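Q: I'm new to reading protein structures, and this one looks pretty busy to me. Could you pick one part, take a close look at it, and then show me what sits around it?

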Amino acid sequence: MTGELSPIDKAKFAAAKQAASLVDSGMRVGLGTGSTAAWLVRCLGELVREEGLRFRGVPTSTRTAELARDVGIEVISLDEARWLDITIDGADEFDGDLNLIKGGGGALLQEKIVATASDQMVVIADAAKEVERLGNFPLPVEVIPFGMQTSQALIEETLVSMDVMGRQTTLRMNGDKPFYTDEGNHILDLHLGRIGNARQLAMVLNQIPGVVENGLFIDICDKVIIGYGDGRVETRDINEGTVSEAQLDFAEDDNIFRDL
């Protein structure tokens, strides 16, 4: 079955499988949202079914919660967990300092809350997500519906004084209607091209009335696991300053592929 997967999907699976090995029984685990995080949930579900792994997962979206329950993971809320041992999530971009852009899946608010309530945040990604400088991927900003156009205008005005290449902002759509987050908010995607000072931009954006949160994750990620289409994985630990590599074998009878 793995032979039918694209190289990108193989890379995502390799990173997810390696990250799943970080979860031990008894842990409280933040479960991210998006295509790469979905691979992780499937890998963890296989460990629950086949090896008796027992942990409690805190999902960052309703769709992650549904998938987790489907594969046999015990799901609890962050309030029930109070604090997490680890959060594993994907990213839309990451740089050499492991700063991130997240929110392509629309769950940036819950993802950031869960990540910052964890002893460790691990990002899983394919190699294409690594960039020299953040900004090519549109930066998501979550805003409340009330006065959304005013918030958008204030954001565009603020970008004039920021070190960015572009300033176009667009309302994220779901078909012919605005996209809504799990919290009932909208997302504005900022097409910046390049972000010169991500830390400054993250702080400034969150001062704008109507802005709930932005997709810049600064000094939150502790480790990134990069997957490749041939099964190689590279793990970078920003705290330890280490880089390690491993080779995973793709098993044709991996149970997670049965539903694909």
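**A close look at E111**

A: Let's start with E111, since the UniProt annotation "active site", from an unreviewed entry, covers this residue. Keep in mind that what you're looking at is a predicted model.

So where is E111? It sits in helix 5, which spans residues 108-116. Is E111 buried or exposed? Its relative accessibility is 3%, and because buried means under 20%, E111 counts as buried.

Now for its surroundings. If you skip the neighbours within four places in sequence, E111 is in contact with T33, T60, D89, K102, G103 and F217. One of these deserves a zoom: the side chain of E111 reaches the backbone nitrogen of T33 at 3.5 Å.

T33 is a handy stepping stone, as T64 touches T33 too. Leaving out residues up to four places away in sequence, the other contacts of T64 are L31, G32, V41 and P59. You'll find T64 in helix 3, residues 62-70. Its relative accessible area is 6%, and since the cut-off for buried is under 20%, T64 is buried. Its side chain also reaches the backbone oxygen of G32, at 2.9 Å. And here's a nice bit of folding to trace: T64 and A37 are 27 residues apart along the chain, with 8.3 Å between their C-alpha atoms.

Back to helix 5, and what it leans on. There is an open sheet of four strands, with the order 9-12-8-13 and antiparallel pairing. Strand 9 (168-171) and strand 13 (211-214) are the edge strands, each pairing on one side only. From one strand to the next, the twist averages 25°. Helix 5 packs on this sheet and touches strand 8, strand 12 and strand 13. Compared with the direction of strand 13, the direction of helix 5 makes an angle of about 65°.

How many bridges join strand 8 to strand 12? There are five, between residues 139-143 and residues 186-191, and the two strands run antiparallel. As an example, L139 has L190 in strand 12 as its bridge partner.

Helix 7 (residues 198-205) belongs in this picture as well. Its buried residues are A198, L201, A202 and L205. Look down the axis of helix 7 and these buried residues fall within an arc of 100°, so they line one face of the helix. They pack against strand 8, strand 12 and strand 13, and also against helix 6 (148-159) and strand 14.

Strand 14 takes us to another sheet. Here three strands form an open sheet in the order 5-6-14, with antiparallel pairing. Its edge strands, each pairing on one side only, are strand 5 (93-94) and strand 14 (216-217). Remember F217 from the contacts of E111? Strand 14 is where residue 217 lies. On the other side of the sheet order, two bridges join strand 5 to strand 6 (residues 100-101), and E93 stands opposite I101.

One last stop: K129, in the loop between strand 7 (121-126) and strand 8. K129 touches E93 and F94, along with K12, A91 and D92, not counting residues up to four places away in sequence. Its side chain also makes a polar contact of 2.8 Å with the side chain of D126.

Key:
Residues are numbered from 1 along each chain as its sequence is written. This is a predicted model: local features need pLDDT of at least 70, side-chain atom pairs count only at pLDDT 80 or more; totals for chains, interfaces and linings use all residues. Side-chain values use heavy atoms; hydrogens and water are left out. Two strands pair if DSSP finds at least two bridges between them. Buried means under 20% relative accessible area, exposed over 50%, partly exposed in between (1.4 Å probe, protein chains only). Contact means heavy atoms within 4.5 Å. A polar contact is a pair of N or O atoms within 3.5 Å; within protein, one must be able to donate a hydrogen and the other to accept it, and residues adjacent in sequence count only if both atoms are side-chain atoms. Axes are lines fitted to C-alpha atoms, for helices over the stretch in contact, and angles run from 0 to 180 degrees between N-to-C directions. UniProt positions are given in the numbering used here, feature names are shortened, and annotations may be inferred rather than shown by experiment. The arc is that of the directions from the helix axis to the C-beta atoms.
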